[in-house]
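Dear colleague,

Please find the structure below, handed over for your records. A summary of what was found in it follows.

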Amino acid sequence: MKLRHALLAAAVIGTLGLPACKREPTPAAPATPAPPAAGGETADQFVARVNEEVRKFSTELNSAQWLSNTYINGDSELVAAKANERWLTQLNLWIEQSRRFNGTPMKPETARAIKLLKLWTAMPAPKDPHKLEELTRIASRMEGMYGAGSYCSGEGGNKTCRDIGQLSDVLAKSRDYDTQLDAWQGWHTISVPMRKDYTRFAELVNQGAKEMGFADAGEMWRSGYDMSPAELAAESDRLWGQVRPLYEQLHCYARGKLDAQYGKDKGEVAGGMLPAHLTGNLWQQDWSNLWDVLQPYKKAGSLDINAALKRMADADLARELGKPAANGASAAEHVFLAQRAAQLDTAKAMAQRAQDFYVSLGMPKLPDSYWQKSQFIKPMERDVVCHASAWDMNMQGDVRTKMCIAPNEEELTTIYHELGHLYYDLAYNKQAPLFQNGAHDGFHEAIGDTIVLAMTPRYMASVGLVAEPQQSHDALINAQMRMALTKVAFLPFGLMIDRWRWGVFDGSIKPDHYNQAWWELKAKYQGVAPVTPRGEEFFDPGAKYHVPANTPYTRYFLANILQFQFYKALCGASGYKGPLYECSFYGSKAAGDKYWAMLSKGNSQPWQQTLKELTGGETMDASAVLEYFAPLQQWLKEQNAGSQCGWNPAATAPAVAHTAG
């Protein structure tokens, strides 16, 4: 799933986060409602005015954020910070103005709009203009640090620097223990300078949240789910309890394979945990790059999508090289320009392949502006944020993706995910701006991943990405393992990031224990650990994009549950009757109509109602996850028979004493 956790532009630095309604706590209001605005503005008129102003302000902000992400320098950072400052100042003003309607009767949709307004941002800003300016400056600076991050080694003329893509490639492709460790440690150097900024950032957003009536910023984040903060925390724990046994079996199997690959002294860390640098991913959130190590059956069904994409890339390059050279261009220049053109051709072809799935469901093609304005490959001679993200620039159809696409399976499925965001945007663009968001933020992340679940071996064969799939037990287990290495491996990671931030915000994790608490939570939930000490001289949380970008992360955990519920419902709508894991609703207009109807609702009603309209139930539930992976879970139990599964977090670090969740 890699960086399959792309954000709407609105959430790039937590400004226009994906809002949702809450029941409690309600932000504190004056004991006596403020008088009506001049001219006797009613609540309905207030909401109508804010909706008009939101579109104007958000369009300016999104443009500034787009520039700061695709042209990283001091100027774009300043422009973004100032636009953010204006936005947050205006948001604080709207929230203050809304207080005059506390306790007054109004239409349900008006009341919902006002509640959503109060939860619009993941970065609540202090009212003090100097502190607000400081907050936006820090936010832009941290994201710039991440986007420009690189690891340099060597000295003088032998010095080489590698960015996140190059370091990720090492973990994906190298099986040399020390080479992987160097790349993993190298990327984690980029976040060390963020620690001071993040400490101050947490203080400022907490102040902003408290001024809005919340205990801290974490409580504010947990209030956006049409349930209380305590209910949301308990709900996520309940869902984790449903899927944890499946994760533990996958963890046990992976540990055994790493022991076989590297020897038990290197294949695991004390307590039975996985070494952080050996999972094929910088953050241990996705283990799909370990396919060569973890593949159950080596000759059962080819699922080598990478080979098909390489053939596509090679053909694009051959075509570009065959074109006449530009006037005056040297042979070297011609090759270079051909390579760049071929990279763009391949990236766009991958995006078109993803678009085809949505169009097959009866959804519209993406607008021409998408193909003209999106960032598909990494530009030359400037720093950009390569972390995949989807953007709705103006709430009226100017949608874009920002990626640095490489021709591999991970990137292809990321595109399918990103387009899910854009089709959600396009579907609810008819709603008023305050309702233009997911039913809750987990919905937004689940849309495209539901499509990814429908990328079955049979579907991939039908579009030429793999050979016709074998119908055998071994081929089934391979296909299930392939999916589990992204979906199941991610689940505990989806929980632990916000468990860390909730502790930071409520004060139970102090700044002088940031790194210790981070690794205690990774040990507790994921069963992973570093092989070398990671003291407080490091700031490893900042090496994950969503921390410096201030993007709430529980949404991704919830999305990994919801997508299986969505998938099952759409399979049913398409008329499919077989085992869940074999269903692809590609080409089903009936499934597409049902999906589009849900997407069109946006956040105009409580998510429970929206979920019920699609699935028939109004509770998030992991039973569809377990149904989907039932063959694999049984197989893993058989493979792990006789092994001591599970892990002991206390074996490498003291137990978590001061963390939330």
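Which residues are linked in a network of salt bridges? They are Glu41, Arg49, Glu53 and Arg100. Please note that the model is predicted.

Salt bridges

The count for the structure comes to 35 salt bridges. In addition to the network, three pairs may be described individually.

Glu248 bridges to Arg244, with the closest N and O atoms 2.6 Å apart. These two residues are four residues apart in helix H9, a separation of about one helical turn. Glu248 is partly exposed at 23% relative accessibility, and Arg244 is likewise partly exposed, at 29%.

A second pair is formed by Arg353 and Asp356, whose closest N and O atoms are 3.3 Å apart. Both residues belong to helix H13, where they are three residues apart, about one turn of the helix. Arg353 has a relative accessible area of 27% and is partly exposed; Asp356, with 26%, is also partly exposed.

The third pair consists of Lys601 and Glu613, with 2.7 Å between the closest N and O atoms. This pair links distant parts of the chain, since Lys601 lies in helix H21 (residues 589–601) and Glu613 in helix H22 (residues 607–615), twelve residues apart. Lys601 is partly exposed with a relative accessible area of 26%, as is Glu613 with 39%.

Aromatic pairs

A search of the whole structure gives 46 aromatic pairs. One of them is formed by Tyr177 and Tyr262, which meet edge-to-face, 6.1 Å centre to centre and with 65° between the planes. Tyr177 is in helix H6 (residues 177–187) and Tyr262 is in helix H9 (residues 229–262), so this pair ties together parts that are 85 residues apart in sequence. Tyr177 is buried, its relative accessible area being 14%, and Tyr262 counts as buried at 13% relative accessibility.

Helix H9 also contains Tyr253, while Trp635 is found in helix H24 (residues 630–639). Tyr253 and Trp635 form an edge-to-face pair, 5.3 Å centre to centre and with 65° between the planes. The pair therefore ties together parts that are 382 residues apart in sequence. Both residues, Tyr253 and Trp635, are buried.

Ring pairs also build a cluster from Phe357, Tyr416, Tyr459, Phe564, Tyr567, Phe585, Tyr586, Tyr628 and Phe629.

Charges over rings

Two arginines deserve mention here. Arg382 lies over the face of Tyr71, at 3.7 Å from the ring centre. Arg400 lies over the face of Trp66, at 5.0 Å from the ring centre.

Strands and surface

Strand S1 (residues 150–153) and strand S2 (residues 160–163) run antiparallel and are joined by four bridges. Cys152 has Cys161 in S2 as its bridge partner. The two strands, S1 and S2, form a hairpin with six residues between them, and Gly154 in the turn has a positive phi of about 85°.

On the surface, Phe336, Leu337 and Met380 make a nonpolar patch of about 290 Å². Of these residues, Leu337 is placed in helix H13 (residues 331–360), which also holds the bridged residues Arg353 and Asp356.

Yours sincerely

Methods:
Residues are numbered from 1 along each chain as its sequence is written. This is a predicted model: local features need pLDDT of at least 70, side-chain atom pairs count only at pLDDT 80 or more; totals for chains, interfaces and linings use all residues. Side-chain values use heavy atoms; hydrogens and water are left out. Rings of Phe, Tyr and Trp (its six-membered ring) pair if their centres lie within 6.5 Å; planes under 30 degrees apart count as stacked, over 60 as edge-to-face and the rest as tilted. Buried means under 20% relative accessible area, exposed over 50%, partly exposed in between (1.4 Å probe, protein chains only). A charge sits over a ring if NZ of Lys or CZ of Arg is within 6 Å of the ring centre and within 35 degrees of the ring normal. Patches are made of residues with over 30% relative accessible area and no salt bridge: like charges are joined within 9 Å, nonpolar side chains (Val, Leu, Ile, Met, Phe, Trp, Tyr) within 5 Å. Accessible areas come from the Shrake-Rupley method with a 1.4 Å probe; for residues, only the protein chains shown count as cover. A salt bridge is a side-chain nitrogen of Lys or Arg within 4 Å of a carboxyl oxygen of Asp or Glu. Two strands pair if DSSP finds at least two bridges between them.
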